[in-house]
Amino acid sequence: MIRINNLSKRFGHDNLFENVNLVIHPGDKIALLGQNGSGKSTFIKCIIGEVQFDSGIIEKTEGIQISVMVQEKEFEESENNFIDYLYERSVILKNKAIDLEKKFQDPKIYDDEIEFQKIIREHEFLVNQSNQTFEDSKIKEILKRLCFEEENYNTPLYKLSGGQKMKLRIAECLAKKADMYILDEPTNHLDFNTMNQLDIELTKKETVIIISHDRYLLNKFA
């Protein structure tokens, strides 16, 4: 599904990661481990095209759909309820993709192959994320299994607890129809029963990458 060759990313003079090689096959259940600040989330964002890398190659199966749960400050602070937030975010991503398409009209971008490839990857990410569809009923179905209180479904996000927000973000990711699911720290603020249910939900998906420090979940999952 994805082949990564010699991927490197720097912040200033420091190498976050260097010459990473990885092949992801259909059906793989992968745990991405590392200390806080070691570059796990950045590595994931490089794969999906949200963050640009310095060197290397990422090859993906044509048309691959990746549903990703990443840390988002906007989500934590939003005054919208959950569904309104999802629709608003989709519109924002589509508008960003349209604005980026205007750059293709400038002949100068074709003279710089590196910059051109960066724009291609960014555009691919925006289109992929904005085109992913979700069913309200499917999200509610997953939330019910995660023991999310139905009366809080229309509550503004900023008023919810950390655990409630986490359940919403997990449901958003897993409710989408995709070839691969990537979850960044989905176990934060979850109780033991919800953790068990998360493991059940993950087993229903064919190909998954998860970032977590929870040894119990990782031993069962990966």
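In this predicted model, the loop between H5 and H6 contains Cys147. Cys147 is not a glycine, yet its phi is positive, at about 65°. The residue is partly exposed, with a relative accessible area of 49%. That value falls short of the exposed class because exposed requires over 50%. A second residue of this kind is His189, located in the loop between S6 and H7. His189 also has a positive phi, of about 75°, without being a glycine. Its relative accessible area is 63%, and His189 is therefore classed as exposed.

The nonpolar interior was examined next. The largest nonpolar core comprises 34 residues. Phe82, Ile139, Leu168, Ile170, Leu174, Leu183 and Leu202 have the most contacts inside it. At least two residues of this core come from each of H3, H5, helix H6 (162-175), strand S6 (180-184), helix H7 (192-203), strand S7 (208-211) and helix H8 (215-221). Helices and strands thus both supply the core. H6 gives the most, with seven residues. In soluble globular proteins, nonpolar side chains tend to be buried together.

Charge pairing was then considered. Seven salt bridges are present in the structure. One of them joins Glu141 and Arg145, with an N to O distance of 3.2 Å. Both partners belong to helix H5 (residues 136-145). They are four residues apart, about one turn of the helix. Glu141 has a relative accessible area of 40% and is partly exposed. Arg145, at 25%, is likewise partly exposed. The pair does not stand alone: Glu141, Arg145, Glu201 and Lys204 are linked in a network of salt bridges.

The side chains of Glu172 and Lys176 form another salt bridge, at 3.5 Å from N to O. Here both charged residues are buried. Glu172 has a relative accessible area of 11%. The value for Lys176 is 6%. Both assignments follow because buried means under 20% relative accessible area.

Asp99 and Lys102 also make a salt bridge, in which the closest N and O atoms are 3.7 Å apart. This distance qualifies because the cut-off is 4 Å. Asp99 is partly exposed, at 46% relative accessibility. Lys102 is exposed, at 52%. The two residues fall in separate classes because the boundary for exposed lies at 50%.

Unpaired charge was found on the surface as well. Asp106, Asp111, Asp112, Glu113 and Glu115 gather there in a patch of negative charge. None of these residues takes part in a salt bridge, because patches are made of residues with no salt bridge. Asp111, a member of this patch, is found in the loop between helix H3 (82-101) and helix H4 (113-131). Asp111 is exposed, with a relative accessible area of 69%. It therefore meets the patch requirement of over 30%.

Terms used:
Residues numbered from 1 in each chain as written. Predicted model: local features only at pLDDT ≥ 70, side-chain atom pairs only at ≥ 80, totals over all residues. Heavy atoms only, no water. Patch = residues over 30% accessible without salt bridge, like charges linked within 9 Å, V, L, I, M, F, W, Y side chains within 5 Å. Areas by Shrake-Rupley, 256 points an atom, 1.4 Å probe, with all protein chains shown as cover. Lys, Arg positive; Asp, Glu negative; His and termini not counted. Charge placed at Lys NZ, Arg CZ, Asp CG, Glu CD. Buried < 20%, exposed > 50% of the residue type's maximum accessible area, 1.4 Å probe, protein only. Core = buried A, V, L, I, M, F, W, Y, C linked by side-chain atoms within 4.5 Å.
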